[in-house]
Amino acid sequence: MVETVTPTSSPSYWCRRWWGQPSPSNGHHHRRWIPSAAAFLSTHKALLATFCVAFFFTVFYWQRDAAPSRLLIFRRALPPQRQLPKLRPVAFNLTDFGGVGDGVTLNTAAFEKAMIAISKLGRKGGGQLNVPPGNWLTAPFNLTSHMTLFLAEGAVILGIDDEKYWPLMPPLPSYGYGREHPGPRYGSLIHGQNLKDVVITGHNGTINGQGQAWWKKYRRKLLNHTRGPLVQIMWSSDIVISNITLRDSPFWTLHPYDCKNVTVKGLTILAPISEAPNTDGIDPDSCEDMVIEDCYISVGDDGVAIKSGWDQYGIAYGRPSMNILIRNLVVRSMVSAGISIGSEMSGGVSNVTVENVHIWNSRRAVRIKTAPGRGGYVRHITYKNLTFDNVRVGIVIKTDYNEHPDKGFDPKAAPILEDISYTSIHGEGVRVPVRIHGNEEIPIRNVSFQDMSVGLTYKKKHIFQCAFVEGRVIGTVFPAPCENLDLYDERGRLVRRSVSQNVSDIDYDF
(Lines give C-alpha, C1' and ligand atoms only; values in the text may rest on other atoms or scores of the structure.)
Protein backbone atom coordinates (compact mmCIF):
# COMPACT_ATOMS: atom_id res chain seq x y z
CA MET A 1 0.00 0.00 0.00
CA VAL A 2 1.45 3.38 -0.99
CA GLU A 3 0.83 6.28 1.37
CA THR A 4 -0.41 9.46 -0.27
CA VAL A 5 1.34 12.76 0.43
CA THR A 6 -0.57 16.06 0.61
CA PRO A 7 0.81 18.87 -1.55
CA THR A 8 1.77 21.08 1.37
CA SER A 9 3.70 18.24 3.04
CA SER A 10 5.71 17.47 -0.07
CA PRO A 11 9.35 18.64 -0.24
CA SER A 12 8.77 19.47 -3.92
CA TYR A 13 6.03 21.91 -2.84
CA TRP A 14 8.41 23.82 -0.58
CA CYS A 15 11.09 23.82 -3.27
CA ARG A 16 8.58 25.42 -5.66
CA ARG A 17 7.71 28.00 -3.05
CA TRP A 18 11.39 28.80 -2.58
CA TRP A 19 11.95 28.92 -6.33
CA GLY A 20 8.94 31.17 -6.83
CA GLN A 21 6.93 28.60 -8.83
CA PRO A 22 3.14 28.38 -8.57
CA SER A 23 1.62 26.05 -6.04
CA PRO A 24 -0.27 23.11 -7.59
CA SER A 25 -2.98 23.51 -4.97
CA ASN A 26 -4.42 26.74 -6.44
CA GLY A 27 -3.03 26.96 -9.96
CA HIS A 28 -2.38 30.75 -9.71
CA HIS A 29 0.70 32.13 -11.36
CA HIS A 30 1.58 34.80 -8.83
CA ARG A 31 4.86 34.48 -6.99
CA ARG A 32 5.40 34.94 -3.30
CA TRP A 33 8.61 36.80 -2.84
CA ILE A 34 10.47 38.02 0.14
CA PRO A 35 11.51 41.39 -1.29
CA SER A 36 14.90 41.49 0.41
CA ALA A 37 15.82 38.09 -1.03
CA ALA A 38 14.40 38.48 -4.54
CA ALA A 39 17.63 39.41 -6.18
CA PHE A 40 19.47 36.61 -4.38
CA LEU A 41 16.93 33.97 -5.44
CA SER A 42 16.91 35.17 -9.01
CA THR A 43 20.69 34.97 -9.20
CA HIS A 44 21.05 31.59 -7.41
CA LYS A 45 17.94 29.79 -8.69
CA ALA A 46 19.90 26.92 -10.24
CA LEU A 47 21.91 26.43 -7.06
CA LEU A 48 18.78 26.22 -4.94
CA ALA A 49 17.17 23.78 -7.34
CA THR A 50 20.19 21.50 -7.06
CA PHE A 51 20.11 21.78 -3.26
CA CYS A 52 16.42 20.84 -3.06
CA VAL A 53 16.81 17.82 -5.33
CA ALA A 54 19.83 16.64 -3.35
CA PHE A 55 17.93 17.09 -0.08
CA PHE A 56 14.90 15.19 -1.39
CA PHE A 57 16.92 12.17 -2.52
CA THR A 58 19.06 12.17 0.64
CA VAL A 59 15.94 11.90 2.81
CA PHE A 60 14.43 9.29 0.46
CA TYR A 61 17.46 6.98 0.64
CA TRP A 62 17.85 7.52 4.36
CA GLN A 63 14.29 6.35 4.87
CA ARG A 64 14.63 3.45 2.47
CA ASP A 65 17.26 1.88 4.73
CA ALA A 66 15.79 3.18 7.98
CA ALA A 67 15.18 0.84 10.88
CA PRO A 68 11.52 0.43 11.86
CA SER A 69 12.10 2.57 14.95
CA ARG A 70 13.02 5.67 12.92
CA LEU A 71 10.50 8.35 12.00
CA LEU A 72 9.12 7.79 8.50
CA ILE A 73 7.88 10.72 6.44
CA PHE A 74 7.17 9.30 3.00
CA ARG A 75 6.01 5.76 3.69
CA ARG A 76 4.92 3.49 6.46
CA ALA A 77 7.16 0.84 7.95
CA LEU A 78 6.46 -2.59 6.47
CA PRO A 79 6.49 -5.80 8.52
CA PRO A 80 9.66 -7.91 8.11
CA GLN A 81 9.41 -10.31 5.21
CA ARG A 82 10.44 -13.97 5.27
CA GLN A 83 13.62 -14.73 3.45
CA LEU A 84 12.76 -15.97 -0.01
CA PRO A 85 14.37 -19.03 -1.56
CA LYS A 86 16.44 -18.81 -4.70
CA LEU A 87 14.14 -17.56 -7.40
CA ARG A 88 13.41 -19.63 -10.48
CA PRO A 89 11.93 -18.29 -13.70
CA VAL A 90 9.12 -20.87 -13.65
CA ALA A 91 7.09 -22.15 -10.69
CA PHE A 92 4.62 -25.03 -10.48
CA ASN A 93 2.26 -26.28 -7.80
CA LEU A 94 2.08 -29.97 -7.06
CA THR A 95 -1.64 -29.78 -7.78
CA ASP A 96 -0.77 -28.82 -11.38
CA PHE A 97 0.31 -32.44 -11.83
CA GLY A 98 -2.65 -34.05 -10.12
CA GLY A 99 -1.40 -33.98 -6.52
CA VAL A 100 -3.97 -34.49 -3.76
CA GLY A 101 -2.98 -33.60 -0.20
CA ASP A 102 -5.45 -35.73 1.72
CA GLY A 103 -2.90 -38.05 3.36
CA VAL A 104 -4.42 -41.06 1.55
CA THR A 105 -3.90 -40.49 -2.19
CA LEU A 106 -0.48 -41.61 -3.44
CA ASN A 107 1.26 -38.65 -5.09
CA THR A 108 4.35 -40.36 -6.50
CA ALA A 109 3.25 -39.84 -10.11
CA ALA A 110 2.58 -36.14 -9.44
CA PHE A 111 6.09 -35.63 -8.05
CA GLU A 112 7.64 -37.54 -10.96
CA LYS A 113 5.72 -35.50 -13.56
CA ALA A 114 6.83 -32.30 -11.85
CA MET A 115 10.47 -33.40 -11.96
CA ILE A 116 10.21 -34.15 -15.69
CA ALA A 117 8.74 -30.69 -16.34
CA ILE A 118 11.46 -28.96 -14.32
CA SER A 119 14.25 -31.00 -15.91
CA LYS A 120 13.40 -29.39 -19.26
CA LEU A 121 14.05 -25.90 -17.86
CA GLY A 122 17.69 -26.27 -16.86
CA ARG A 123 19.08 -23.94 -19.51
CA LYS A 124 16.54 -21.29 -18.53
CA GLY A 125 17.43 -21.33 -14.84
CA GLY A 126 15.34 -24.26 -13.70
CA GLY A 127 12.00 -24.39 -11.96
CA GLN A 128 10.35 -24.42 -8.55
CA LEU A 129 7.86 -26.96 -7.26
CA ASN A 130 5.60 -25.57 -4.57
CA VAL A 131 4.06 -28.06 -2.18
CA PRO A 132 0.99 -26.35 -0.66
CA PRO A 133 -0.50 -27.07 2.78
CA GLY A 134 -1.76 -30.63 3.08
CA ASN A 135 -0.56 -34.19 3.69
CA TRP A 136 1.10 -35.46 0.50
CA LEU A 137 1.60 -39.21 0.71
CA THR A 138 4.26 -40.53 -1.66
CA ALA A 139 6.66 -43.34 -2.43
CA PRO A 140 10.32 -42.42 -3.05
CA PHE A 141 11.03 -40.04 -5.94
CA ASN A 142 14.11 -38.45 -7.53
CA LEU A 143 15.01 -34.77 -7.72
CA THR A 144 16.47 -33.06 -10.78
CA SER A 145 19.10 -30.33 -11.29
CA HIS A 146 18.39 -26.59 -11.21
CA MET A 147 15.31 -26.94 -9.06
CA THR A 148 13.76 -25.65 -5.85
CA LEU A 149 11.45 -27.85 -3.80
CA PHE A 150 9.44 -25.43 -1.65
CA LEU A 151 7.30 -26.66 1.24
CA ALA A 152 4.69 -24.16 2.39
CA GLU A 153 3.75 -23.78 6.02
CA GLY A 154 1.47 -26.69 6.79
CA ALA A 155 2.79 -28.82 3.92
CA VAL A 156 3.81 -32.37 4.88
CA ILE A 157 5.42 -34.85 2.49
CA LEU A 158 4.61 -38.28 3.94
CA GLY A 159 6.70 -41.31 3.06
CA ILE A 160 4.67 -44.45 2.52
CA ASP A 161 5.67 -47.03 5.14
CA ASP A 162 5.26 -50.14 2.97
CA GLU A 163 8.74 -51.27 1.88
CA LYS A 164 7.45 -52.78 -1.38
CA TYR A 165 7.20 -49.20 -2.72
CA TRP A 166 10.83 -48.43 -1.86
CA PRO A 167 13.34 -49.29 -4.62
CA LEU A 168 16.49 -51.28 -3.92
CA MET A 169 19.87 -49.76 -4.70
CA PRO A 170 23.44 -51.14 -4.71
CA PRO A 171 25.53 -50.68 -1.58
CA LEU A 172 27.43 -47.42 -1.38
CA PRO A 173 30.81 -47.95 -3.09
CA SER A 174 32.73 -46.75 -0.04
CA TYR A 175 30.86 -49.19 2.22
CA GLY A 176 30.62 -52.36 0.11
CA TYR A 177 27.77 -53.44 2.32
CA GLY A 178 24.25 -52.27 2.95
CA ARG A 179 25.30 -51.10 6.42
CA GLU A 180 22.76 -53.30 8.18
CA HIS A 181 22.63 -56.22 5.74
CA PRO A 182 24.85 -57.44 2.91
CA GLY A 183 23.68 -56.75 -0.61
CA PRO A 184 21.35 -54.00 -1.80
CA ARG A 185 19.79 -51.30 0.37
CA TYR A 186 16.55 -49.38 0.22
CA GLY A 187 16.74 -46.00 -1.46
CA SER A 188 15.77 -42.75 0.22
CA LEU A 189 12.34 -41.11 0.22
CA ILE A 190 13.74 -38.04 -1.55
CA HIS A 191 16.74 -38.92 -3.65
CA GLY A 192 19.15 -37.29 -6.08
CA GLN A 193 22.27 -38.32 -7.99
CA ASN A 194 24.70 -36.32 -10.13
CA LEU A 195 22.79 -33.11 -9.55
CA LYS A 196 23.77 -29.45 -9.55
CA ASP A 197 22.01 -26.42 -8.08
CA VAL A 198 19.29 -27.96 -5.90
CA VAL A 199 17.39 -26.10 -3.19
CA ILE A 200 15.05 -27.74 -0.67
CA THR A 201 13.46 -25.07 1.47
CA GLY A 202 10.15 -23.67 2.66
CA HIS A 203 8.22 -21.96 5.40
CA ASN A 204 9.02 -24.79 7.81
CA GLY A 205 7.09 -27.42 5.90
CA THR A 206 7.80 -31.03 6.87
CA ILE A 207 9.21 -34.17 5.29
CA ASN A 208 7.99 -37.07 7.42
CA GLY A 209 9.38 -40.56 6.81
CA GLN A 210 6.80 -42.30 9.02
CA GLY A 211 9.62 -44.46 10.33
CA GLN A 212 7.69 -46.18 13.11
CA ALA A 213 6.88 -49.25 11.01
CA TRP A 214 10.51 -49.49 9.83
CA TRP A 215 11.90 -49.28 13.37
CA LYS A 216 9.57 -51.99 14.59
CA LYS A 217 10.47 -54.36 11.74
CA TYR A 218 14.18 -53.67 12.28
CA ARG A 219 13.97 -54.53 15.97
CA ARG A 220 12.07 -57.74 15.14
CA LYS A 221 14.62 -58.61 12.41
CA LEU A 222 11.92 -58.68 9.73
CA LEU A 223 13.87 -56.67 7.14
CA ASN A 224 16.21 -58.29 4.62
CA HIS A 225 17.80 -55.04 3.46
CA THR A 226 19.19 -51.90 5.05
CA ARG A 227 16.60 -49.21 5.70
CA GLY A 228 16.70 -46.11 3.52
CA PRO A 229 17.49 -42.51 4.55
CA LEU A 230 14.86 -39.79 4.47
CA VAL A 231 16.82 -37.48 2.12
CA GLN A 232 19.93 -38.61 0.27
CA ILE A 233 21.85 -36.54 -2.29
CA MET A 234 24.79 -38.29 -4.02
CA TRP A 235 27.63 -37.09 -6.27
CA SER A 236 26.19 -33.60 -6.46
CA SER A 237 27.21 -29.98 -5.92
CA ASP A 238 25.72 -26.62 -4.98
CA ILE A 239 23.05 -27.96 -2.64
CA VAL A 240 21.04 -25.84 -0.19
CA ILE A 241 18.65 -27.35 2.36
CA SER A 242 17.03 -24.83 4.70
CA ASN A 243 14.01 -23.84 6.77
CA ILE A 244 12.18 -27.17 6.86
CA THR A 245 11.47 -29.92 9.38
CA LEU A 246 12.68 -33.49 8.83
CA ARG A 247 11.19 -36.10 11.11
CA ASP A 248 10.83 -39.83 11.78
CA SER A 249 13.26 -41.09 9.16
CA PRO A 250 13.39 -44.86 8.65
CA PHE A 251 17.22 -44.67 8.92
CA TRP A 252 19.70 -41.76 8.67
CA THR A 253 17.75 -38.55 8.17
CA LEU A 254 19.85 -36.35 5.85
CA HIS A 255 22.70 -38.05 4.01
CA PRO A 256 24.80 -35.99 1.56
CA TYR A 257 27.19 -38.48 -0.09
CA ASP A 258 30.29 -37.41 -2.01
CA CYS A 259 28.95 -33.88 -2.51
CA LYS A 260 30.59 -30.47 -2.75
CA ASN A 261 29.41 -27.05 -1.69
CA VAL A 262 26.52 -28.00 0.57
CA THR A 263 24.66 -25.63 2.90
CA VAL A 264 22.31 -26.93 5.59
CA LYS A 265 20.66 -24.13 7.54
CA GLY A 266 17.71 -23.64 9.84
CA LEU A 267 16.54 -27.27 9.99
CA THR A 268 14.54 -28.95 12.72
CA ILE A 269 15.30 -32.68 12.76
CA LEU A 270 13.26 -34.93 15.02
CA ALA A 271 12.94 -38.60 15.91
CA PRO A 272 12.14 -40.32 19.21
CA ILE A 273 15.16 -40.29 21.51
CA SER A 274 14.76 -44.01 22.15
CA GLU A 275 13.61 -46.98 20.06
CA ALA A 276 14.28 -45.15 16.79
CA PRO A 277 17.50 -46.98 15.81
CA ASN A 278 20.14 -45.32 13.62
CA THR A 279 18.07 -42.20 13.01
CA ASP A 280 21.12 -39.92 12.76
CA GLY A 281 20.29 -36.30 12.07
CA ILE A 282 22.84 -35.19 9.44
CA ASP A 283 25.56 -37.47 8.04
CA PRO A 284 28.06 -35.69 5.75
CA ASP A 285 29.77 -38.60 3.99
CA SER A 286 32.86 -37.97 1.84
CA CYS A 287 31.68 -34.37 1.47
CA GLU A 288 33.77 -31.26 0.80
CA ASP A 289 33.04 -27.60 1.57
CA MET A 290 29.95 -27.91 3.73
CA VAL A 291 28.23 -25.68 6.30
CA ILE A 292 25.72 -26.91 8.88
CA GLU A 293 24.28 -24.08 10.97
CA ASP A 294 21.33 -22.84 13.01
CA CYS A 295 19.68 -26.25 13.45
CA TYR A 296 17.81 -28.01 16.24
CA ILE A 297 18.34 -31.79 16.28
CA SER A 298 16.82 -34.36 18.64
CA VAL A 299 17.08 -37.91 17.31
CA GLY A 300 17.61 -41.57 18.20
CA ASP A 301 21.32 -41.70 17.32
CA ASP A 302 24.09 -39.20 16.48
CA GLY A 303 22.90 -35.65 15.91
CA VAL A 304 25.61 -35.07 13.30
CA ALA A 305 27.99 -37.83 12.17
CA ILE A 306 30.79 -37.07 9.70
CA LYS A 307 31.79 -40.14 7.70
CA SER A 308 33.97 -41.14 4.73
CA GLY A 309 33.60 -44.86 4.07
CA TRP A 310 34.04 -48.15 5.85
CA ASP A 311 37.28 -50.14 6.16
CA GLN A 312 38.81 -51.46 2.93
CA TYR A 313 35.94 -50.09 0.83
CA GLY A 314 36.40 -46.59 2.15
CA ILE A 315 40.17 -46.78 1.73
CA ALA A 316 39.76 -47.86 -1.90
CA TYR A 317 37.11 -45.20 -2.63
CA GLY A 318 39.43 -42.58 -1.16
CA ARG A 319 37.09 -39.58 -0.82
CA PRO A 320 37.67 -37.63 2.41
CA SER A 321 35.25 -35.40 4.24
CA MET A 322 36.95 -32.03 4.51
CA ASN A 323 36.35 -28.33 5.05
CA ILE A 324 33.21 -28.69 7.14
CA LEU A 325 31.84 -25.99 9.46
CA ILE A 326 29.26 -26.89 12.10
CA ARG A 327 27.95 -23.99 14.19
CA ASN A 328 25.02 -22.66 16.19
CA LEU A 329 23.33 -26.00 16.89
CA VAL A 330 21.23 -27.32 19.74
CA VAL A 331 21.44 -31.12 19.86
CA ARG A 332 20.10 -33.97 21.97
CA SER A 333 21.12 -37.63 21.61
CA MET A 334 20.21 -40.00 24.42
CA VAL A 335 21.60 -43.01 22.54
CA SER A 336 24.84 -41.86 20.93
CA ALA A 337 26.51 -38.42 20.64
CA GLY A 338 25.60 -34.88 19.74
CA ILE A 339 28.42 -34.46 17.19
CA SER A 340 30.41 -37.50 15.97
CA ILE A 341 33.23 -38.19 13.56
CA GLY A 342 33.25 -41.81 12.40
CA SER A 343 33.23 -44.54 12.97
CA GLU A 344 33.22 -44.99 9.19
CA MET A 345 36.07 -42.57 8.39
CA SER A 346 38.37 -44.69 6.19
CA GLY A 347 38.61 -42.08 3.44
CA GLY A 348 39.81 -39.49 5.97
CA VAL A 349 38.31 -36.50 7.78
CA SER A 350 40.10 -33.15 8.02
CA ASN A 351 39.58 -29.43 8.53
CA VAL A 352 36.43 -29.58 10.62
CA THR A 353 35.28 -26.79 12.94
CA VAL A 354 32.53 -27.32 15.51
CA GLU A 355 31.58 -24.13 17.33
CA ASN A 356 28.75 -22.60 19.35
CA VAL A 357 27.00 -25.91 20.01
CA HIS A 358 24.75 -26.71 22.98
CA ILE A 359 24.35 -30.42 23.71
CA TRP A 360 21.81 -31.36 26.34
CA ASN A 361 20.34 -34.50 27.96
CA SER A 362 22.64 -36.71 25.90
CA ARG A 363 24.69 -39.83 26.38
CA ARG A 364 27.79 -38.23 24.87
CA ALA A 365 28.50 -34.70 23.69
CA VAL A 366 31.28 -34.78 21.04
CA ARG A 367 32.89 -38.03 19.94
CA ILE A 368 35.50 -39.33 17.52
CA LYS A 369 35.25 -43.08 16.99
CA THR A 370 37.38 -45.45 14.95
CA ALA A 371 39.08 -48.85 15.11
CA PRO A 372 41.94 -50.94 13.71
CA GLY A 373 41.12 -51.76 10.09
CA ARG A 374 39.64 -48.34 9.34
CA GLY A 375 42.80 -46.74 8.00
CA GLY A 376 42.35 -43.13 6.99
CA TYR A 377 42.86 -40.20 9.34
CA VAL A 378 41.12 -37.63 11.51
CA ARG A 379 43.16 -34.43 11.70
CA HIS A 380 42.85 -30.67 12.05
CA ILE A 381 39.66 -30.78 14.11
CA THR A 382 38.66 -27.70 16.12
CA TYR A 383 36.01 -27.64 18.84
CA LYS A 384 35.26 -24.28 20.46
CA ASN A 385 32.56 -22.71 22.56
CA LEU A 386 30.72 -25.89 23.44
CA THR A 387 28.17 -26.19 26.24
CA PHE A 388 27.37 -29.55 27.85
CA ASP A 389 24.15 -29.77 29.84
CA ASN A 390 23.43 -33.06 31.62
CA VAL A 391 25.52 -35.48 29.53
CA ARG A 392 27.07 -38.76 30.59
CA VAL A 393 30.44 -38.24 28.86
CA GLY A 394 31.50 -34.89 27.45
CA ILE A 395 34.49 -35.43 25.15
CA VAL A 396 35.19 -38.89 23.73
CA ILE A 397 37.87 -40.31 21.43
CA LYS A 398 37.36 -44.05 21.02
CA THR A 399 39.71 -46.31 19.06
CA ASP A 400 38.13 -49.74 19.56
CA TYR A 401 34.81 -49.36 17.76
CA ASN A 402 35.17 -52.82 16.26
CA GLU A 403 32.30 -53.08 13.82
CA HIS A 404 33.28 -54.17 10.29
CA PRO A 405 31.40 -54.87 7.03
CA ASP A 406 33.06 -58.25 6.54
CA LYS A 407 36.27 -60.14 7.27
CA GLY A 408 38.13 -58.60 4.34
CA PHE A 409 39.47 -55.63 6.28
CA ASP A 410 43.18 -55.25 7.09
CA PRO A 411 43.60 -55.24 10.88
CA LYS A 412 46.93 -53.45 10.42
CA ALA A 413 45.27 -50.49 8.70
CA ALA A 414 45.55 -48.13 11.66
CA PRO A 415 43.86 -44.72 11.45
CA ILE A 416 45.81 -41.56 12.29
CA LEU A 417 44.34 -39.22 14.91
CA GLU A 418 46.12 -35.89 15.36
CA ASP A 419 45.79 -32.12 15.73
CA ILE A 420 42.55 -31.92 17.70
CA SER A 421 41.81 -28.87 19.87
CA TYR A 422 39.13 -28.13 22.47
CA THR A 423 38.70 -24.47 23.50
CA SER A 424 36.05 -22.82 25.68
CA ILE A 425 34.29 -25.96 26.87
CA HIS A 426 31.74 -25.37 29.62
CA GLY A 427 28.73 -27.00 31.17
CA GLU A 428 27.23 -28.76 34.15
CA GLY A 429 25.80 -32.11 35.11
CA VAL A 430 28.57 -34.08 33.36
CA ARG A 431 29.51 -37.50 34.66
CA VAL A 432 32.85 -37.96 32.83
CA PRO A 433 34.15 -34.77 31.19
CA VAL A 434 36.88 -36.37 29.06
CA ARG A 435 37.57 -39.92 27.91
CA ILE A 436 40.38 -40.14 25.32
CA HIS A 437 41.16 -43.79 24.69
CA GLY A 438 44.11 -44.29 22.37
CA ASN A 439 46.08 -47.49 22.24
CA GLU A 440 49.50 -48.71 21.20
CA GLU A 441 48.43 -49.17 17.55
CA ILE A 442 46.42 -45.94 17.41
CA PRO A 443 48.04 -43.28 19.60
CA ILE A 444 46.39 -39.85 19.67
CA ARG A 445 48.76 -36.97 19.01
CA ASN A 446 48.70 -33.22 19.49
CA VAL A 447 45.48 -32.82 21.46
CA SER A 448 45.01 -29.50 23.25
CA PHE A 449 42.67 -28.16 25.93
CA GLN A 450 42.18 -24.51 26.85
CA ASP A 451 39.54 -22.65 28.85
CA MET A 452 37.58 -25.61 30.12
CA SER A 453 35.31 -25.71 33.14
CA VAL A 454 32.73 -28.46 33.46
CA GLY A 455 30.55 -29.01 36.50
CA LEU A 456 30.29 -32.64 37.60
CA THR A 457 27.31 -34.66 38.74
CA TYR A 458 29.47 -36.14 41.49
CA LYS A 459 33.17 -36.40 42.18
CA LYS A 460 35.15 -39.49 41.35
CA LYS A 461 38.86 -40.12 41.07
CA HIS A 462 39.07 -40.97 37.38
CA ILE A 463 37.02 -38.25 35.72
CA PHE A 464 39.53 -36.95 33.15
CA GLN A 465 40.49 -40.23 31.51
CA CYS A 466 43.39 -40.73 29.09
CA ALA A 467 45.32 -43.54 27.43
CA PHE A 468 48.06 -43.29 24.78
CA VAL A 469 47.54 -39.60 24.19
CA GLU A 470 50.05 -36.80 23.66
CA GLY A 471 49.11 -33.15 23.90
CA ARG A 472 48.86 -30.10 26.11
CA VAL A 473 46.71 -28.19 28.54
CA ILE A 474 46.97 -24.40 28.33
CA GLY A 475 46.05 -22.43 31.42
CA THR A 476 43.52 -23.56 33.98
CA VAL A 477 41.27 -26.50 33.19
CA PHE A 478 38.63 -28.00 35.46
CA PRO A 479 38.51 -30.79 36.38
CA ALA A 480 42.22 -31.44 36.74
CA PRO A 481 43.60 -33.00 33.54
CA CYS A 482 45.19 -36.42 33.28
CA GLU A 483 48.96 -36.84 33.68
CA ASN A 484 49.37 -37.78 30.01
CA LEU A 485 49.25 -34.13 28.92
CA ASP A 486 51.89 -31.38 29.09
CA LEU A 487 50.97 -28.31 31.13
CA TYR A 488 51.43 -24.72 29.90
CA ASP A 489 50.51 -21.47 31.59
CA GLU A 490 48.17 -18.84 30.12
CA ARG A 491 51.06 -17.26 28.24
CA GLY A 492 51.99 -20.52 26.57
CA ARG A 493 55.08 -21.22 28.71
CA LEU A 494 55.83 -24.82 29.59
CA VAL A 495 55.12 -25.64 33.23
CA ARG A 496 55.45 -29.42 33.25
CA ARG A 497 56.37 -31.93 30.60
CA SER A 498 54.47 -35.22 30.81
CA VAL A 499 56.48 -38.42 30.96
CA SER A 500 53.48 -40.76 30.92
CA GLN A 501 51.65 -40.35 27.62
CA ASN A 502 51.02 -44.10 27.41
CA VAL A 503 49.52 -44.50 30.86
CA SER A 504 45.96 -45.81 30.71
CA ASP A 505 43.39 -44.39 33.08
CA ILE A 506 40.16 -45.52 31.39
CA ASP A 507 37.28 -46.66 33.55
CA TYR A 508 34.12 -47.67 31.68
CA ASP A 509 32.31 -48.52 34.88
CA PHE A 510 31.06 -44.96 35.13
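**Exercise 1. The disulfide**

Cys-466 and Cys-482 are joined by a disulfide, with an S to S distance of 1.9 Å. Working in this predicted model, find how many disulfides there are, which hand this one has, and which parts of the chain the bond ties together.

*Solution.* Let's begin with the cut-off: two cysteine sulfur atoms within 2.5 Å make a disulfide. The Cys-466 to Cys-482 distance of 1.9 Å passes that test, and the count comes to one disulfide.

Next comes the hand. The torsion about the S-S bond is about -75°, so the disulfide is left-handed.

Now place the two ends. Cys-466 belongs to strand 26 (residues 464–467), while Cys-482 sits in the loop between strand 27 (469–478) and strand 28 (486–488), so the bond ties together parts that are 16 residues apart in sequence. Both Cys-466 and Cys-482 are buried.

A useful counter-example is Cys-259, which takes part in no disulfide: the nearest cysteine sulfur, that of Cys-287, is 4.9 Å away. Is Cys-259 buried or exposed? Its relative accessibility is 1%, so Cys-259 counts as buried. Cys-295, with a relative accessible area of 4%, is buried too.

**Exercise 2. A parallel sheet**

Work out the strand order of the four-stranded open sheet and name its edge strands.

*Solution.* Read across the sheet and you get the order 4-9-12-15, with parallel pairing. The edges are strand 4 (141–142) and strand 15 (254–257), each of which pairs on one side only.

Zoom in on one edge: strand 4 pairs with strand 9 (residues 190–193) in the parallel sense, over two bridges. At this pairing, Asn-142 stands opposite His-191 of strand 9.

**Exercise 3. Helix 4 and its packing**

Compare the span of helix 4 with the expected one, then find which of its residues are buried and what they pack against.

*Solution.* Helix 4 covers residues 108–119, which makes 12 residues. From first C-alpha to last it reaches 17 Å, close to the 16 Å expected at 1.5 Å a residue.

For burial, the list is Thr-108, Ala-110, Phe-111, Ala-114, Met-115, Ala-117 and Ile-118. Here is a helpful piece of background: an α-helix has 3.6 residues a turn, so residues three or four places apart point the same way.

The packing partners of these buried residues are strands throughout the list: strand 1 (90–93), strand 2 (127–131), strand 3 (134–138), strand 4, strand 5 (147–151) and strand 6 (155–159).

**Exercise 4. What does Arg-219 reach?**

Locate Arg-219, classify its exposure, and identify its contacts beyond its sequence neighbours.

*Solution.* Arg-219 is found in helix 5 (residues 212–219). Its relative accessible area is 41%, so Arg-219 is partly exposed.

Setting aside neighbours within four places in sequence, Arg-219 is in contact with Glu-275 and Pro-277. Glu-275 is 56 residues from Arg-219 along the chain, and their C-alpha atoms are separated by 8.6 Å. Which atom of Glu-275 does the Arg-219 side chain reach? The target is the backbone oxygen of Glu-275, at 2.8 Å.

**Exercise 5. The whole chain**

Describe the protein chain through its secondary structure, burial, contacts and surface.

*Solution.* Start with the elements: six helices and 29 strands. Of the 510 residues, 50% are buried.

For contacts with a separation of 6 or more, 74% come from residues 24 or more positions apart. Finally, the accessible surface comes to about 23200 Å², and carbon and sulfur atoms account for 54% of that area.

Definitions and conventions
Residues are numbered from 1 along each chain as its sequence is written. This is a predicted model: local features need pLDDT of at least 70, side-chain atom pairs count only at pLDDT 80 or more; totals for chains, interfaces and linings use all residues. Side-chain values use heavy atoms; hydrogens and water are left out. Two strands pair if DSSP finds at least two bridges between them. Buried means under 20% relative accessible area, exposed over 50%, partly exposed in between (1.4 Å probe, protein chains only). Contact means heavy atoms within 4.5 Å. Accessible areas come from the Shrake-Rupley method with a 1.4 Å probe; for residues, only the protein chains shown count as cover. The expected span of a helix is 1.5 Å times one less than its number of residues. A polar contact is a pair of N or O atoms within 3.5 Å; within protein, one must be able to donate a hydrogen and the other to accept it, and residues adjacent in sequence count only if both atoms are side-chain atoms.
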